[in-house]
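Please walk me through this structure. I would like to know how its parts fit together and where to read it with care.

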Amino acid sequence: MSLTRRKLLLNIVSGFGVAGLIALLFPFLKGIFPTLKKEEAKEIDVSAMKDGEAKTVRWKGRNVLIVKRHPDFISKHSSHLKSLIDPFSRNSSQPEFAKGHRRSDRDNYLVVYSYCTLLSCELKRLQIETEKGDVFSGFFCPCDGSRYDTSGRVIAGSAAKYNLSIPNYEHVSESRIRLTGV
Ligand code: FES
């Protein structure tokens, strides 16, 4: 075999060796560098939701609650704010757009992880009776009764101290929400 052919063969073999090594290490590298993970965005159709209705969506191993709320039921009056531990969500986990009273990208949809921020029990929805029927009035934790308002803000006196966590998401259209990140 000529020297050039031998060199060529060696190059090909070592090329396969490097490629094989990368393929072998890829799952480990993905774990070490999460940014290497494929973006797992998920789109949800909310077109059929009625006011007060909630939808639970499984996403990246956790449950996300989407609640269609009437904008009138977003609590902003000052007497109510005094009863909140973190009314402006300064100490909570959420995207930048969710720091205001509504804690959402659009008034009429609240998107939150459905776990109490104390020990991660699954939340229940609170309903109150009105002349127009039952309306969504927040959440409570069945574990020891921590309560959250209609924007997922924890109410003083609760065992939990942080507002509900909010994933990153966007409204793709009037009828679709896309979950995009933690
Ligand atoms: S997990 Fe909510 S109060 Fe226990």
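Start with Leu126. Setting aside residues within four places in sequence, Leu126 is in contact with Ser137, Gly138, Phe139 and Phe140. Leu126 itself belongs to strand S5. Its C-alpha atom is separated by 6.5 Å from that of Phe140, a residue 14 positions away along the chain. Is Leu126 buried, exposed or partly exposed? It has 16 other C-beta atoms within 10 Å, so Leu126 counts as partly exposed; a buried residue would need 20 or more, an exposed one 12 or fewer.

These positions come from a predicted model. The mean pLDDT of the chain is 82. Of its residues, 79% reach 70 or more.

Now follow the strand that holds Leu126. S5 and S6 form a hairpin, with two residues between them. Their pairing is antiparallel and runs over seven bridges. One bridge can be picked out by name: Gln127 has Phe136, in S6, as its partner. In a regular strand, side chains alternate between the two faces of the sheet.

Go on from S6 to S7. These two strands also run antiparallel, and two bridges join them. Phe139 has its bridge partner in S7, namely Tyr148. The hairpin of S6 and S7 has six residues between the strands. In that hairpin, Gly145 takes a positive phi near 85 degrees.

Put the pieces together. The result is an open sheet of three strands in the order S5-S6-S7, with antiparallel pairing. Its edge strands are S5 (124-130) and S7 (147-148), each pairing on one side only.

A further sheet can be traced in the chain. It is open, has three strands in the order S1-S9-S8, and its pairing is antiparallel. Why is one side of S1 and of S8 left without a neighbour in the sheet? S1 and S8 (168-173) stand at the edges with a single partner strand each, so one side of each has no neighbour there. Neighbouring strands of this sheet are turned against each other by 25 degrees on average, direction ignored. S1 and S9 run antiparallel and are joined by four bridges. Within that pairing, Glu43 has Arg178 in S9 as its bridge partner.

Next, leave S1 by the loop that leads to S2. Asp51 lies in this loop, between strand S1 (42-45) and strand S2 (54-59). Which residues does Asp51 touch beyond four places in sequence? They are Lys68, Arg69 and His70. The C-alpha atom of Asp51 is also separated by 8.4 Å from that of Asn108, which is 57 residues away along the chain. Asp51 has 16 C-beta neighbours inside 10 Å, so Asp51 counts as partly exposed.

Turn to the interior. The largest nonpolar core has 23 residues. Val64, Ile66, Val111 and Val112 have the most contacts inside this core. Two or more residues each come from strand S3 (62-68), strand S4 (109-113), strand S6 (133-140) and strand S9 (176-181). So what surrounds Val112? Not counting residues up to four places away in sequence, Val112 touches Leu65, Gly152, Leu164, Ser165 and Ile166.

Step back to the whole chain. Its secondary structure comes to two helices and nine strands. Read along the sequence, the pattern is α-β-β-β-α-β-β-β-β-β-β. Of the 182 residues, 24% count as buried. Among contacts with a separation of 6 or more, residues 24 or more positions apart account for 53%.

One stretch calls for care. Over residues 26-36, pLDDT stays under 50. For this stretch the model has three contacts beyond four places in sequence. Where pLDDT is low, the predicted coordinates should not be read in detail.

Technical notes: Residues numbered from 1 in each chain as written. Predicted model: local features only at pLDDT ≥ 70, side-chain atom pairs only at ≥ 80, totals over all residues. Core = buried A, V, L, I, M, F, W, Y, C linked by C-beta atoms within 7 Å. Contact = placed C-beta atoms within 7 Å. Pairing = 2+ DSSP bridges. pLDDT = per-residue confidence, 0-100. Axes fitted to C-alpha atoms, helices over the stretch in contact; angles between N-to-C directions.
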